[in-house]
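Student: Could you walk me through the empty spaces inside this protein?

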Amino acid sequence: MGTSGVRTDRFGLLLDQFDCAREMAQVRLTGLGDEEYLWEPAPGSWSIRRRGEATTPRAFGPGEWVLDKGAADIPASEYAEVARQVAGGMAIEKVAEDWSVGVERVEQVLAHTGPVEPDASPVTTIAWRLGHLHSNFAGDWEWTFGERSRDPHELVDFTPSAALAVQRFWATVDRWRESVATVSDEQLDTVGFSQYPYGSNPDEPYIAVLWGINLELIHHMAEIALLRDLWRARFGSGG
């Protein structure tokens, strides 16, 4: 893909990157069926489940279907980010609140030395990855451009229908993107312009939040694309 016509101002570069990633993601989601959407590639995979069948301790959602969420912890992949936040002046108590862990857990992370062991992260379904992204975009819109009052965990009605999930997802993403386009230079530099309550958004300038959202879309959609490739290789279905 060429770079001709790509904007080079800081805001334009992030928007162009997001738009390009969105375009590729939409292509990769085309034709997603219900069976593939809910396919569990390994035992114990995280997914969406009926409320009464959830096995993870913090599964959430407002309706019949909830999104798996495990016990609170700080994954090894975030150790460096936690250290950066504390070095930048964030209180250990605030880091602990963001991750829903005790202060002693943050202190353990900060005291960690040597190579970081790979996370024992759960394998997830496409339904989980898409639901996780949907929840994040809905929450960031609500706590940046909306009323800043509703719990992000209660904003997305998860569904076992792949077509409906994809339709709702893009509607939420496009609403968020439309609102982001109106952000001013002053707002980009405003710390706490996003008050999204689960994470460090209130302590970051919004330009940094946008960078993180781009990264979130890109890496989760790459994982979804890989799951689609594995599904096609295993079951010979189109995608």
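Tutor: What follows is a short talk about cavities and the residues around them. This is a predicted model, where local features need pLDDT of at least 70, side-chain atom pairs count only at pLDDT 80 or more, and totals for chains, interfaces and linings use all residues. Residues are numbered from 1 along each chain as its sequence is written, and side-chain values use heavy atoms, with hydrogens and water left out.

Student: How many cavities of 30 Å³ or more are there?

Tutor: The structure has two of them, a cavity being a set of points, on a 1 Å grid over the protein atoms alone, where a 1.4 Å probe fits but cannot get out. Volume here is the space filled by probe spheres set on the points, which are joined across faces, edges and corners.

Student: What lines the largest cavity?

Tutor: That cavity, with about 90 Å³ of space, is lined by 13 residues (each with an atom within 4 Å of a point), and Y37, H134, V156, F158 and A165 lie nearest its centre. Two or more lining residues come from each of α6 (126–144) and α7 (162–180), helices being DSSP runs of H or I with at least four residues, numbered from the N terminus. The largest share, four residues, is from α6.

Student: And the second largest, which residues line that one?

Tutor: Its lining consists of L14, L15, F18, W176, R177, V180, L210 and N214, around a space of about 50 Å³. At least two lining residues are supplied by each of α1 (10–29), α7 and α9 (206–235).

Methods:
On a 1 Å grid over the protein atoms alone, a cavity is a set of points where a 1.4 Å probe fits but cannot get out, and a pocket is an open set with protein on both sides within 12 Å along at least five of seven lines; lining residues have an atom within 4 Å of a point.
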